[in-house]
Amino acid sequence: MFQAAVKTFSASSGGGLTCIRHYCKKTARKLRVSEAVSGAGLGANVKVQGWVRSVRPQKANLFLHVNDGSSLQSLQIVASSELNNPSLTFGSAVEVTGTLKKSPHHKQPVELEAEQIRVVGECNPVDFPFKIKERHSLEYLRQFPHLRCRTNAFSSLLRIRSEATTAIHSYFKDNGFLQIHTPIITSNDCEGAGELFQVEPSGPDHDEDENFFSVPAFLTVSGQLHLEVMSGAFSKVYTFGPTFRAENSQSRRHLAEFYMVEAEVSFTQSLEDLTKVMEDMFRSATEHVLAHCVEDVDLFHKHVTPGHREIVDAMLKRKFPVITYSEAIDILKRSSEKFSFPTDWGCDLQTEHEKYLVKHCGNIPVFVTDYPFNLKPFYARDNQDHPEHTAAAVDLLVPGVGELCGGSLREERLDLLRVRLEEYLDLRRFGSVPHGGFGLGFERYLQCVLGVDNIKDVIPFPRSSHSCLL
């Protein structure tokens with residue numbers, strides 16, 4: 001950075017003489033830890049900001065490990081012992097300036113030779129509920145939603161989550177889908193299950209007898225109906241956002257707030273068109289995550305869910321099989337397994353059934369199609385295949401989780417819809433076309449790829465019945 005120094009001298013004539021002197025002042029280049037450990041800026045004067053993961057003072061030298069969340073690997077800081085001070089402890093936030101050099105140690109190819117260490121924020125390590133070098137279960141970390149992001153396991157999870165989000169958006173963009181921001185506040189119950197959170201204003205100016213929106217309003221359970229509106233003008237649309245279910249459940253598979261990836265495709269009369277999008281999106285996103293989050297995924301597959309990488313690799317190598325609901329029921333009935341729920345034709349598939357079907361098909365994702373008509377919402381397309389009477393619906397079942405995606409062809413035939421639901425007609429009255437769509441639970445996707453058993457461990461701040469920490 002060049003700066004100018006200006007000085008004015010008085011002359012005997014009364015005039016002023018201005019002398020301008022230019023000089024060069026080096027400014028430290030700011031790097032993320034991920035850039036520094038990869039060797040970017042080697043030999044240069046750099047500045048790194050982050051949190052201390054370990055402190056090792058010696059007689060002549062001080063060794064620190066600093067991490068800023070950009071990488072699983074921390075940057076080693078080597079400094080004179082004169083730079084040590086009582087505020088420099090585990091968890092403290094620091095700003096370090098110095099020269100980035102090659103390290104003589106194999107495990108630390110790069111280190112920062114510090115010239116200055118400034119403590120930006122102090123931390124009392126005595127009260128800290130966990131140490132970075134100790135391994136704690138995901139269940140234990142769940143008690144500290146404000147601190148678990150500082151652990152290796154959860155920081156890896158959040159980087160993977162971010163990369164998976166990017167991968168899903170990239171897939172849809174590359175395949176001609178238009179992103180739609182569907183509303184979070186809505187007047188409809190898309191799923192029809194009645195598990196809704198009602199939205200009402202609070203405060204002294206609110207009249208409890210009057211609806212703010214003039215009609216009852218709720219947090220959305222799905223963006224599907226709004227996507228169906230858009231599918232009347234755009235052939236491929238999708239949304240990716242939060243959805244809410246007031247389901248009083250403490251299971252490992254359910255949350256009150258979670259993220260859904262939903263898509264709608266116009267001009268299709270084939271479930272195969274939908275299953276292709278589901279499978280291609282799953283493969284594309286997973287391959288992207290495995291390629292861009294190598295260290296983070298390895299941490300989970302080696303230390304949190306050992307052996308799960310083989311399952312993920314098998315999922316990517318084989319094409320997902322497709323079976324009908326009727327075939328699934330036959331498989332379950334021929335099984336020697338003792339199920340808690342009945343397996344008669346017409347019964348809804350439970351988690352235990354879904355997991356068995358996945359294992360039966362080689363422990364890879366499997367599509368189940370053509371469910372009994374009465375099991376699916378009114379908008380699922382009628383196959384008109386009496387006497388069985390099924391709907392053109394499909395679920396994607398995956399290892400360890402069960403149902404990951406659910407979708408269907410939509411009923412566009414006005415005469416059939418009129419029999420079922422008058423309120424739904426406006427979406428079809430003005431030039432409807434055959435179309436279909438699906439929804440994927442993003443947290444369940446992460447469970448599937450990482451092998452995590454509890455859905456609460458793959459979302460930053462889990463919300464469920466009787467639990468809303470922070």
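**View 1. The sulfur of Cys293 is 16 Å from the closest cysteine sulfur, which belongs to Cys448, and that is too far for a bond.** Welcome to this predicted model, where local features need pLDDT of at least 70 and side-chain atom pairs count only at pLDDT 80 or more, while totals for chains, interfaces and linings use all residues. Residues are numbered from 1 along each chain as its sequence is written, and side-chain values use heavy atoms, with hydrogens and water left out. Cys405 also has Cys448 as the home of its closest cysteine sulfur, here at 9.9 Å, again too far for a bond. A disulfide is a covalent bond between the sulfur atoms of two cysteines. The search for one asks for a pair of cysteine sulfur atoms within 2.5 Å, and the structure holds 0 disulfides. Are these two cysteines, Cys293 and Cys405, buried or exposed? Cys293 is buried, with a relative accessible area of 4%, and Cys405 is buried too, at 0%. Here buried means under 20% relative accessible area, exposed means over 50%, and partly exposed is in between (1.4 Å probe, protein chains only).

**View 2. Arg159 and Asp296 join their side chains in a salt bridge.** Side chains of opposite charge can pair when their charged atoms come close. To count as a salt bridge, a side-chain nitrogen of Lys or Arg must be within 4 Å of a carboxyl oxygen of Asp or Glu. In this pair the N to O distance is 2.9 Å. The two partners are 137 residues apart, with Arg159 in helix α3 (residues 152-174) and Asp296 in helix α6 (residues 294-304). Helices (H or I, at least four residues) and strands (E, at least two) are DSSP runs, numbered from the N terminus. Arg159 is buried at 13% relative accessible area, and Asp296 is buried at 7%.

**View 3. Further salt bridges also tie together distant parts of the chain.** Asp453 and Arg252 meet at 2.5 Å, N to O. Asp453 sits in the segment after α12 (442-450), while Arg252 belongs to the loop between β12 (236-244) and β13 (257-266), 201 residues apart. Asp453 is partly exposed at 45% relative accessibility, and so is Arg252, with 46%. Arg410 and Glu264 form another salt bridge, at 2.8 Å, N to O. Their places are the loop between β17 (402-409) and α10 (414-420) for Arg410 and strand β13 for Glu264, 146 residues apart. Both Arg410 and Glu264 are buried. Elsewhere, Arg142, Arg148 and Asp457 are linked in a salt-bridge network. How many salt bridges does a search of the whole structure find? The total is 18.

**View 4. Phe172 and Tyr445 touch the most other members of the largest nonpolar core.** This core has 65 residues. A nonpolar core is a set of buried Ala, Val, Leu, Ile, Met, Phe, Trp, Tyr and Cys residues joined through side-chain atoms within 4.5 Å. A second, separate core has 21 residues, including Val46, Leu75, Ala79 and Ala114. Back at Tyr445, its contacts (heavy atoms within 4.5 Å) include Ala164, Phe282 and Leu404, leaving aside residues up to four places away in sequence.

**View 5. Thr97 lies in strand β7 (residues 93-102).** Thr97 counts as buried, at 13% relative accessibility. Its C-alpha is 5.2 Å from that of Gln116, although the two are 19 residues apart in sequence. Gln116 is one of the residues Thr97 touches; among the others are Ala28, Asn45 and Val46.

**View 6. Pro434 is found in the loop between α11 (426-429) and β18 (435-441).** With 23% relative accessibility, Pro434 counts as partly exposed. Not counting residues up to four places away in sequence, Pro434 touches Val265, Ser266, Phe267, Thr268, Gln269 and Glu412. From Pro434 to Gln116 the C-alpha separation is 66 Å, and the pair is 318 residues apart along the chain.

**View 7. Ile184, Ile185, Phe212, Phe213 and Val215 form a nonpolar patch on the surface.** Together they have about 460 Å² of accessible area, computed by the Shrake-Rupley method with a 1.4 Å probe, where for residues only the protein chains shown count as cover. Patches are made of residues with over 30% relative accessible area and no salt bridge; like charges are joined within 9 Å, and nonpolar side chains (Val, Leu, Ile, Met, Phe, Trp, Tyr) within 5 Å. Phe212 belongs to the loop between β10 (185-186) and β11 (218-219), and Phe212 is exposed at 60% relative accessible area.
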